[in-house]
Amino acid sequence: MSASGFPVAKPLPSVWTEEPHVLDDYRSAETLSGEFDIAIIGSGFSGVSTAYHILKISSTAPAVVLLEARSHCSGATGRNGGHIKPDTYYSTTKYERIYGSEQASKLQKFESSQVLAVKELVESEGLDCDFHVTRAVDVYMDPDHARQTYAAYVKLRDSGFFDLKDVAYTDSSSAERISGVKGAQSLFSFTAAYLWPRKMVLGLLQRLIQQHDVKAYAQTPVAKVSKSRDSAGFWTIFTSRGNLRARKIVYATNGYTAALLPQYSRKIVPVRGVCSHITTPRGQNSPHLPNTYSLRFGGANYDYLVPRPDGSIVVGGARQTFLHDRDLWFNTVRDDQRMSMAADKYFQNYMQQHFRGWEDSKATTKRVWTGVMGYTSDYMPHIGEVPDMPGQYIIAGFTGRGMAYILLASKALSRMIVEGIDYEQTELPAMFESTKERLSSSESELENEFSGVWNLKEKDHAGDFVAPILRARL
Ligand SMILES: Cc1cc2nc3c(=O)[nH]c(=O)nc-3n(C[C@H](O)[C@H](O)[C@H](O)COP(=O)(O)OP(=O)(O)OC[C@H]3O[C@@H](n4cnc5c(N)ncnc54)[C@H](O)[C@@H]3O)c2cc1C
């Protein structure tokens, strides 16, 4: 990791940052001082959505300030795949084993409810962000993995605990024809959405600034927070533009959290992912991708494809090219650097290779970028009051899947902040709570999961070399 673990300057541009936004480097003033009711660190989806809900439910008009180290929404939310994809069935078996049927079912329902919740937000706030409800199509490429996943799905369905009404299964007899993916062994589909994530978040931020006088500061890294409150109940926040005091603080700092809160080291680990933007010379007249897709090559290796209204596609994944090399992706915040030549090359000819009808499309990779996710040691986000830090809250660690969590997670957190309710009084699954137990545990499911592959040589990893390790855990 970079010496500090703080966001690095000048991240690689992503497809979502290509178009400048009036709020990119917006600052309410050039220097910072004064007192605020609530300071939120990080202006990604988590930070802006928390500010939105706080102001929506407050009967008073709290003074809220958003502090962002780089351009607004230039972290994972400005660099992701733009996919809102609830985990409706795939990991449920694993979660049931770890957390029991009741919590696993609550988690599945929580994720499934996000798509329409985001739709409602986009519509009610009039956010121009290419939002589109679709079907997510999980395409299984490996016959063993396809069989195993189907068996697990049937068990879930027959248990009666889980709502699988929206999940549709197609077997090998028609999977290739229906998905359009060459060599497809089976598929599952369910409701999902795609959007321009940065436009949604910056659109929301614009409303907060205009309608609620929220103060926002880009290019303003927070260096540290005082260790205790002063006699008037304020924490002091030290930034590059001066110091401010706040009664309450929200860490919406994703993979960078441990730089400010060292107790989250190894609990929220910065992990790099890679995405690409594929275009064709024919633009909107290229073959059409009617859904979003995940091509699952095995337990750990998968790519995801998100179509855009202009006919281009965002494709992320390429894990086969880097998972074995820990230094490339684990515990690093370097989103100013490419992942590797192999990852860049991975996306060349991707559509021609995998999709029927794309052979003559001349599709090429226009851009490849990296981004920093916050992976947690137990795969669950940390939400709630920071243990032993009254008045400080956290919403971070979505393990690469935040678009299907953050809106409703931040809504619940806002009730804790504004109404003073306890975590148990929110609707959130119990395992999201940031507890002392989670912070003091020396176990890391995340490290256990991947330690087996970090020692493999590149030559050993043909196809899905990780699958057997992960499969054993399912
Ligand atoms: C390549 C990639 C692809 C992804 N694809 C998907 C996808 O398709 N679907 C999905 O659901 N999820 C996806 N994710 C994950 C998703 O983007 C995240 O879960 C989500 O955006 C997290 O939002 P956030 O607001 O918590 O974090 P971020 O968007 O990372 O925001 C955190 C912000 O905090 C700021 N910050 C940190 N420390 C400080 C500090 N000390 N001072 C001031 N500011 C600070 C950062 O600069 C950053 O802007 C992907 C992630 C990546 C990287």
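Into which domains is the protein chain divided? There are two entries to go through. Domain 1 takes residues 35–80, 198–267 and 378–441, and domain 2 takes 132–194, 269–377 and 447–471. Please keep in mind that this is a predicted model.

Next, the annotation. UniProt, in an unreviewed entry, lists residues 37–415 as "domain: FAD dependent oxidoreductase". In the model, that span is 30% helix and 27% strand. Its end C-alpha atoms, at the two limits of 37–415, lie 15 Å apart.

Now the interface. The C-alpha centres of domain 1 and domain 2 are 30 Å apart. In contact across the boundary are 19 residues on the domain 1 side and 18 on the domain 2 side. Together the two domains bury about 1600 Å² between them, and carbon and sulfur atoms give 45% of that area. Which residues of domain 1 lose the most area to domain 2? They are Arg79, Arg266 and Tyr379, which together make up 36% of what the domain 1 side buries.

On to the polar side of this interface. Between domain 1 and domain 2, 14 residue pairs are in polar contact, counting pairs with both residues at pLDDT 80 or more. If we sort the domain 1 residues that touch domain 2 by class, we get 6 nonpolar, 8 polar and 5 charged. The salt bridge count between the two domains is 3.

For the whole structure, the search returns 28 salt bridges. I will take one pair in detail: the side chains of Asp335 and Arg70 meet at 2.8 Å, N to O. Where in the chain do Asp335 and Arg70 sit? Asp335 is in the loop between helix H8 (326–329) and helix H9 (341–346). Arg70 is in the loop between strand S2 (64–67) and strand S3 (83–84). The two residues are 265 residues apart, so this pair links distant parts of the chain.

Last, some backbone angles. Two residues that are not glycine have a positive phi, and I will give them in chain order. Asp213 has a phi of about 55 degrees. Asp213 is found in the loop that runs from helix H6 (197–212) to strand S7 (215–217). For Thr399, phi is near 50 degrees. Thr399 lies in the loop between strand S17 (392–396) and helix H11 (406–419).

To go back to the interface once more: about 1600 Å² is buried between domain 1 and domain 2, with 3 salt bridges counted between them. That is what I have for today.

Conventions. Residues are numbered from 1 along each chain as its sequence is written. This is a predicted model: local features need pLDDT of at least 70, side-chain atom pairs count only at pLDDT 80 or more; totals for chains, interfaces and linings use all residues. Side-chain values use heavy atoms; hydrogens and water are left out. UniProt positions are given in the numbering used here, feature names are shortened, and annotations may be inferred rather than shown by experiment. Helices (H or I, at least four residues) and strands (E, at least two) are DSSP runs, numbered from the N terminus. Domain bounds come from an automatic or database domain assignment. Contact means heavy atoms within 4.5 Å. Buried area is the accessible area (1.4 Å probe) that two parts lose on being put together, summed over both. A salt bridge is a side-chain nitrogen of Lys or Arg within 4 Å of a carboxyl oxygen of Asp or Glu. A polar contact is a pair of N or O atoms within 3.5 Å; within protein, one must be able to donate a hydrogen and the other to accept it, and residues adjacent in sequence count only if both atoms are side-chain atoms. Ala, Val, Leu, Ile, Met, Phe, Trp, Tyr, Cys and Pro count as nonpolar, Asp, Glu, Lys and Arg as charged, and the others, Gly among them, as polar.
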